[in-house]
Amino acid sequence: MLHQPVIHLENCSIKQGDYEVLKEVNLKIGKGEFVYLVGKTGSGKSSFLKTLYGALNLNKGKALICGENLSELNWKNLSKLRRKLGIIFQDFNLLTDRTVAENLQFVLKSTGWEKGSKMDKRIEDVLNSVGLKGKGWKSPHQLSGGEQQRVVIARSLLNDPQLILADEPTGNLDPETADDIVRLIREICEKKRMAVIFATHNYNILETYPGRVVRCQSGRLLDEKNFIV
Ligand SMILES: Nc1ncnc2c1ncn2[C@@H]1O[C@H](COP(=O)(O)OP(=O)(O)OP(=O)(O)O)[C@@H](O)[C@H]1O
Ligand SMILES: [Mg+2]
């Protein structure tokens with residue numbers, strides 16, 4: 001890897017309270033790399049992603065995410081880390097009492113943007129990039145599930161992240177819409193040289209859009225070359 005990896009984990013432990021979900025986790029992900037995260041239900045995918053964005057404490061090992069050290073997180077560098085990340089969940093988590101544009105503006109304001117005209121331009125740009133040109137005035141409930149997920153993707157792109165963490169982003173979508181969303185995320189990842197971790201249960205997606213795969217299994221995070229079959 002020519003550049004510093006976007007994710008560099010050494011001997012990390014992922015814990016939910018006292019329960020160690022994953023142990024001895026080692027992983028490097030480079031700039032612009034797209035990586036699937038698979039594993040049975042309860043195997044630790046969400047816990048892993050939560051640790052990467054600082055929602056679960058890292059109590060063992062070394063972890064650098066976009067240059068931020070997870071062992072040294074405080075409120076200040078947590079918000080710095082979050083600005084370098086885009087997070088996409090299965091449930092869209094859109095504010096239903098606001099329009100699409102207001103949802104995006106809310107995030108911009110809470111991450112330090114001030115100038116109205118700059119915000120409007122950024123909102124327009126991210127909506128264009130996910131194929132929702134001119135839909136900013138709509139309410140989330142006036143959009144289909146696939147369109148709502150596009151808004152969530154647009155929201156994750158607002159601060160030009162180096163890394164996207166997507167936890168089953170297609171879980172609530174029909175297969176065709178799910179394909180569109182994967183394609184969109186992969187295209188954006190390639191174009192913007194953003195790294196992506198994409199947690200999924202859906203093996204059809206892996207077949208249609210092959211890529212590097214890491215798997216949570218038996219309390220470990222395995223890179224594809226080390227899978228236990
Ligand atoms: N908030 C929590 N408190 C305590 N234990 C938890 C919590 N969330 C998850 N766990 C436990 O941690 C383990 C890993 O769960 P996690 O949600 O990370 O799995 P997952 O791979 O994302 O599963 P799924 O595919 O169902 O989303 C499970 O044993 C689960 O019961
Ligand atoms: Mg999960």
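**Working chat: a ligand shell, two helix pairs and some loops**

Trainee: Before we start, what kind of model is this?

Mentor: It's a predicted one. Let's begin with the ligand. By class, the shell around ligand 1 has three nonpolar, nine polar and one charged residues.

Trainee: And how many residues surround ligand 1 in total, and which are closest?

Mentor: There are 13 around ligand 1, and the closest are Gln16, Thr41, Lys45, Ser46 and Ser47.

Trainee: Which element gives the most to that shell?

Mentor: That's α1, with three residues. Both β2 (19-29) and α1 (45-52) supply at least two residues each.

Trainee: OK, switching to helices. How do people describe two packed helices?

Mentor: By the angle between their axes and the distance between the axes. Take α5 (residues 145-157) and α6 (residues 175-192): the angle is about 20°, and the axes are 10 Å apart.

Trainee: So is α5 roughly parallel or oblique to α6?

Mentor: Roughly parallel, because the angle is under 35 degrees. As for the hand, α5 and α6 cross in a right-handed way.

Trainee: Which residues make that contact?

Mentor: From α5 you have Gly145, Gly146, Gln149, Ile153 and Leu157. On the α6 side they are Thr177, Asp180, Ile181, Leu184, Ile185 and Ile188.

Trainee: And how does the contact of α5 with α6 divide by class?

Mentor: Six nonpolar, four polar and one charged.

Trainee: Let's move to α3. Which of its residues are buried?

Mentor: In α3 (residues 100-110), Val100, Asn103, Leu104, Gln105 and Leu108 are buried.

Trainee: What covers them?

Mentor: The cover includes α4 (116-129) and α5.

Trainee: How does α3 pack on α4, then?

Mentor: At an angle of about 120°, with the axes 10 Å apart. That makes α3 oblique to α4. The crossing of α3 and α4 is right-handed.

Trainee: Which residues meet there?

Mentor: Ala101, Leu104, Gln105 and Leu108 come from α3, and they meet Met119, Arg122, Ile123 and Val126 of α4. By class, that contact has six nonpolar, one polar and one charged residues. Leu104, Gln105 and Leu108 are also among the buried residues of α3.

Trainee: What follows α3?

Mentor: Gly112, and its phi is positive, near 95°.

Trainee: Which residue other than glycine has a positive phi near 45°?

Mentor: Glu168. You'll find Glu168 in the loop between β7 (163-167) and α6. Ser218 is another non-glycine residue with a positive phi, near 50°. Ser218 is in the loop between β9 (212-217) and β10 (220-223).

Trainee: Why does Glu168 count as partly exposed?

Mentor: Because Glu168 has 19 C-beta neighbours inside 10 Å, and a residue needs 20 or more to be buried.

Trainee: And Ser218, buried or exposed?

Mentor: Ser218 is exposed, because it has 11 C-beta neighbours inside 10 Å.

Trainee: Last one: where is Gly134?

Mentor: In the loop between α4 and α5. Gly134 has 9 C-beta neighbours inside 10 Å, so it counts as exposed.

Trainee: How far is Gly134 from Glu124 in space?

Mentor: Gly134 and Glu124 are 7.9 Å apart, C-alpha to C-alpha, and ten residues apart in sequence.

Note on methods: Residues numbered from 1 in each chain as written. Chains lettered and ligands numbered in written order. Predicted model: local features only at pLDDT ≥ 70, side-chain atom pairs only at ≥ 80, totals over all residues. Near = placed C-beta within 6 Å. Helix = DSSP H or I, 4+ residues; strand = E, 2+ residues; numbered from the N terminus. Nonpolar A, V, L, I, M, F, W, Y, C, P; charged D, E, K, R; others polar. Axes fitted to C-alpha atoms, helices over the stretch in contact; angles between N-to-C directions. Parallel < 35°, antiparallel > 145°, perpendicular 65-115°, else oblique. Left-handed = near helix turned anticlockwise from the far one by under 90°. Contact = placed C-beta atoms within 7 Å. Buried ≥ 20, exposed ≤ 12 C-beta atoms within 10 Å, placed from the backbone.
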